[in-house]
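Trainee: Could you walk me through some helix labels and what they rest on?
Mentor: Gladly, let's look together.
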Amino acid sequence: MADISLSQITRLRGDVIIPGDKSISHRAAMLASVSEGISHIRNYSSAIDCQSTLNCMQRLGADIRSRGSEVEIHGKGRWSLSEPGNVLDCGNSGTTMRLLCGLLAGQNFATVLTGDASLRRRPMDRIIKPLVQNGAEIYGRQANRLAPLFIRGTSLSDVNYELPVASSQVKSAVLLAGLYATGNVQVIEPVRSRDHTERMLTFCGVEVQRDGAVISLGKNRQPTARDFQIPGDISSAAFIIALGLMVPGSRLTLHDVGVNPTRTGLLSVLRQMGAAPELLNERLVANEPLADIRVTSAPLKAAEIGGSLIPKLIDELPLIAVIATQAQGQTIVRDALELRIKESDRIAAIASELKKMGAEIEETEDGFVVEGPTPLHGAVCRSYDDHRIAMALSVAACLADGESVIRDADCVGISFPEFFKILKKIAA
Ligand code: S3P
């Protein structure tokens with residue numbers, strides 16, 4: 001796998017187009033495949049993970065025609081998918097595997113889902129339990145905890161579940177299974193997680209009610225084809241925003257970025273830290289808010305992050321560790337135990353690698369503590385084959401004195417294949 005060498009950047013300038021949101025792209029591909037009619041998806045994510053979803057849907061019989069970021073899906077309704085002749089490969093994508101479990105639980109055929117070594121280590125019982133509890137038949141390795149997973153489609157009546165931890169993947173899997181249920185469908189989420197599934201179901205004509213923590217589906221469970229415009233991925237934009245704030249003399253504008261409030265925890269934290277990322281041209285497209293984001297470099301102070309904010313910035317936490325190394329004071333992240341079961345143990349990975357660059361960071365069980373500011377120095381770091389660790393370390397490397405090498409950095413393609421190209425362009 002490819003390593004990348006990076007050194008300090010002195011100033012960033014320009015306009016940036018961020019590729020389509022990964023979470024929303026997965027959902028659009030799945031919902032359009034079971035909709036009635038022709039859906040057009042514009043700005044579909046270039047992430048390898050989203051290609052995994054398209055491949056799986058194609059293998060399930062969906063009529064998908066894609067050209068770059070333009071995807072056309074000829075949907076023939078909820079019952080149009082068919083039994084694949086072989087195992088479906090979800091690659092590195094937890095969202096593909098978990099959402100597909102929901103979508104496939106109520107079909108009249110069987111499916112086997114697998115993935116790469118990292119995905120085969122990640123907990124799938126969080127999906128299997130709620131679905132099986134509601135009548136699904138799903139089996140996995142190690143007492144139904146790990147993939148490969150075998151799903152024998154069954155008929156579902158009522159589907160009810162109260163989430164023990166905030167997880168949009170679990171919530172979405174249950175709601176997608178609910179499309180095939182004949183009875184009531186209700187999910188209770190104690191802490192609000194990203195709501196792209198609810199928004200997209202509504203956009204496609206399936207009624208979704210929210211009453212406090214309770215989400216329920218209306219009687220019409222057949223989605224209708226739509227034109228989707230996928231916003232730029234805020235979780236990819238995050239790395240560029242952070243660089244724009246920390247590299248002195250920078251000024252960047254990122255265009256058409258998704259600013260769904262269940263995803264913008266990083267922007268709230270940055271405001272708390274003294275930065276002022278500006279949102280311009282805010283609008284709602286295909287039921288998702290988007291805006292242009294303008295950033296100028298600013299001095300930062302430490303922040304305390306925990307509680308209900310965590311799901312709104314879960315994927316940005318490794319980057320927040322890097323930002324904290326440049327902020328004045330002690331930054332504390334807590335309530336983020338979920339970080340340990342992402343594509344890698346992100347608490348252990350970011351702490352061990354940032355230390356190599358001179359950061360003062362200590363792991364806690366459910367987060368980390370960073371003392372700042374500390375000057376970073378170049379080092380040879382591991383990516384743990386985790387895209388967000390590779391990009392967070394790349395941001396650190398752009399701030400560090402001397403050259404850094406990030407090992408196995410090509411994993412950035414999992415969510416943001418254009419990352420290094422964009423970095424080079426705005427640093428020029
Ligand atoms: C995702 C939800 C989050 C996030 C992941 C994508 C989604 O996971 O970390 O990258 O698209 O629903 P959880 O909902 O399991 O926390």
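Mentor: Helix α11 passes helix α12 in a right-handed crossing. This is a predicted model, where local features need pLDDT of at least 70, side-chain atom pairs count only at pLDDT 80 or more, and totals for chains, interfaces and linings use all residues. Residues are numbered from 1 along each chain as its sequence is written, and side-chain values use heavy atoms, with hydrogens and water left out.

Trainee: What makes α11 roughly parallel to α12?
Mentor: The axes of α11 (residues 346-356) and α12 (residues 387-399) cross at roughly 25° and come within 11 Å. Angles under 35 degrees count as roughly parallel, so α11 is roughly parallel to α12.

Trainee: Which residues of α11 make the contact?
Mentor: Arg346, Ala349, Ile350, Glu353 and Leu354 of α11 do, where contact means heavy atoms within 4.5 Å.

Trainee: And why is α1 called oblique to α7?
Mentor: The axes of α1 (residues 22-33) and α7 (residues 196-203) cross at roughly 40°. Oblique is what remains once angles under 35, over 145 and from 65 to 115 degrees are taken out, so α1 is oblique to α7. The crossing of α1 and α7 is right-handed.

Trainee: How do you know that α3 is mostly covered?
Mentor: Buried means under 20% relative accessible area, with a 1.4 Å probe and protein chains only, and 12 of the 12 residues of α3 are buried. Among them are Arg98 and Leu99.

Trainee: What span is expected for α3?
Mentor: The expected span is 1.5 Å times one less than the number of residues. For the 12 residues of α3 (residues 94-105) that is 16 Å, and the 17 Å from first C-alpha to last is close to it.

Conventions
Axes are lines fitted to C-alpha atoms, for helices over the stretch in contact, and angles run from 0 to 180 degrees between N-to-C directions. Helices (H or I, at least four residues) and strands (E, at least two) are DSSP runs, numbered from the N terminus. A crossing is left-handed if the near helix is turned anticlockwise from the far one by less than a right angle, and right-handed if clockwise. Buried means under 20% relative accessible area, exposed over 50%, partly exposed in between (1.4 Å probe, protein chains only).
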